[in-house]
Amino acid sequence: MAAKAHAILSASSSDRWLHCPPSVRLCETYEDKGSDYAAEGTDAHALGEYKLKTVLGLPADDPTDSLKWYSEEMEDATSGYAEYVLEQVEAAKETCTDPVVLIEQRVDFSRWVEQGFGTADCIIIADGTLRVIDYKHGLGVLVSAKENPQMQCYALGALELFDDIYDIDQVSMTIYQPRRQNVSTYEISKDDLYRWADEVLKPTADLAFAGDGNFLCGEWCSFCKAKNECAPELRQI
Ligand code: SF4
């Protein structure tokens, strides 16, 4: 099948396709309509990026006038995000003279996931730890960082860029979800992350890309385009 411009196996849907690999090719038969929630999240990310760059003293253009979904709540939520990341950078500076900070960094994890790439909101490298921070504007679902495959894919992509350059042995992943007052952090050794990537992520991604594997129903179905028509007899629970 011909490659598409967007990631077929997106990190954001990895919880679904890791549980139900054939959902990837099934979902391709449905139109991608987008949603107001996604558009609001995109606006919030743009504002958060601007604010983070500003508090870190980096040049940035204020996108506020072009944001369709701008609100006071978005203003507060993204200010909190910028302050939170700044605190983490300042904390890193206490033990590391020159921490590396990257904002909206494209990451490529295609070594494990065919055509897999994404954008990490913020990456901090200091003292042997690679840290990935992801802003979630959504209210609907409380997102945990614990064994979160999207975060682990981003961390793998970040390791692809920096593991040869810096001495990294630990990986920390944080979900910052201000509208749910949720800051969730999960740490894993680099070796354990690579083990998961080789033993779980890659073989399952290969199945999903090929359209193979077993259908499996669970809470991940709520984000599946096929959820209203997926044949119930194919579901295993
Ligand atoms: S609805 Fe659930 S079981 Fe059916 S394809 Fe989607 S993720 Fe798989």
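Reader: Let's start with Arg179: what is its relative accessible area?

Author: Arg179 counts as buried, a term for residues under 20% relative accessible area, with exposed meaning over 50% and partly exposed in between (1.4 Å probe, protein chains only). Please keep in mind that this is a predicted model, in which local features need pLDDT of at least 70, side-chain atom pairs count only at pLDDT 80 or more, and totals for chains, interfaces and linings use all residues. Residues are numbered from 1 along each chain as its sequence is written, and side-chain values use heavy atoms, with hydrogens and water left out. For Arg179, the relative accessible area is 16%.

Reader: Which residue forms a salt bridge with Arg179?

Author: A salt bridge here is a side-chain nitrogen of Lys or Arg within 4 Å of a carboxyl oxygen of Asp or Glu. In this pair the closest N and O atoms are 3.2 Å apart, and the partner of Arg179 is Glu73.

Reader: How many residues apart in sequence are the parts that Glu73 and Arg179 tie together?

Author: Helices (H or I, at least four residues) and strands (E, at least two) are DSSP runs, numbered from the N terminus. Glu73 is partly exposed, at 41% relative accessibility. Glu73 belongs to helix H4 and Arg179 to the loop between S4 and S5, so their pairing joins parts whose separation in sequence is 106 residues.

Reader: How far apart are the end C-alpha atoms of helix H4?

Author: The expected span of a helix is 1.5 Å times one less than its number of residues. With 24 residues (72-95), H4 should therefore span 34 Å. The model agrees with that expectation, because the end C-alpha atoms are separated by 36 Å.

Reader: Which strands do the buried residues of H4 pack against?

Author: Among the buried residues of H4 are Met74, Ala77, Tyr81, Tyr84, Val85 and Val89. They pack against helix H3 (36-55) as well as five elements of the other kind: S1 (100-108), S2 (117-126), S3 (129-135), S4 (170-177) and S5 (182-189).

Reader: At what angle do H3 and H4 pack?

Author: Axes are lines fitted to C-alpha atoms, for helices over the stretch in contact, and angles run from 0 to 180 degrees between N-to-C directions. The axes of H3 and H4 are 8 Å apart, and their packing angle is about 45°.

Reader: Which word describes how H3 lies to H4?

Author: Angles under 35 degrees count as roughly parallel, over 145 as roughly antiparallel, 65 to 115 as roughly perpendicular and the rest as oblique. At about 45°, H3 is therefore to H4 oblique.

Reader: Is the crossing of H3 and H4 left-handed or right-handed?

Author: A crossing is left-handed if the near helix is turned anticlockwise from the far one by less than a right angle, and right-handed if clockwise. For H3 and H4 the crossing is right-handed.

Reader: Which residues does Ala82 touch, not counting those up to four places away in sequence?

Author: Ala82 sits in helix H4 and is buried, at 2% relative accessibility. Its C-alpha atom is 8.0 Å from that of Glu49, although the two are 33 residues apart in sequence. With contact meaning heavy atoms within 4.5 Å, Ala82 touches Lys51, Leu52 and Val55.

Reader: What is the N to O distance in the salt bridge of Lys53 and Glu49?

Author: These two are four residues apart in helix H3, so about one helical turn separates them. Lys53 is partly exposed at 22%, and Glu49 is partly exposed at 23%. Their side chains meet with an N to O distance of 2.9 Å.

Reader: And which residue meets Lys136 in a salt bridge?

Author: Lys136 is buried, with a relative accessible area of 17%. Its partner is buried as well, at 4%. The N to O distance is 3.0 Å, and the partner is Asp134.

Reader: At what angle do helix H5 and helix H6 pack?

Author: H5 covers residues 149-162 and H6 residues 190-210, with their axes 11 Å apart. H5 is roughly perpendicular to H6, and the crossing is left-handed. Leu156 and Leu159 are among the H5 residues at this contact, and Trp196 and Leu201 among those of H6. The angle is about 110°.

Reader: What separates the C-alpha atoms of Arg25 and Gly211?

Author: Arg25 lies in helix H2 (residues 23-27) and is buried, with a relative accessible area of 15%. Along the chain, Arg25 and Gly211 are 186 residues apart, yet the distance between their C-alpha atoms is 5.5 Å.
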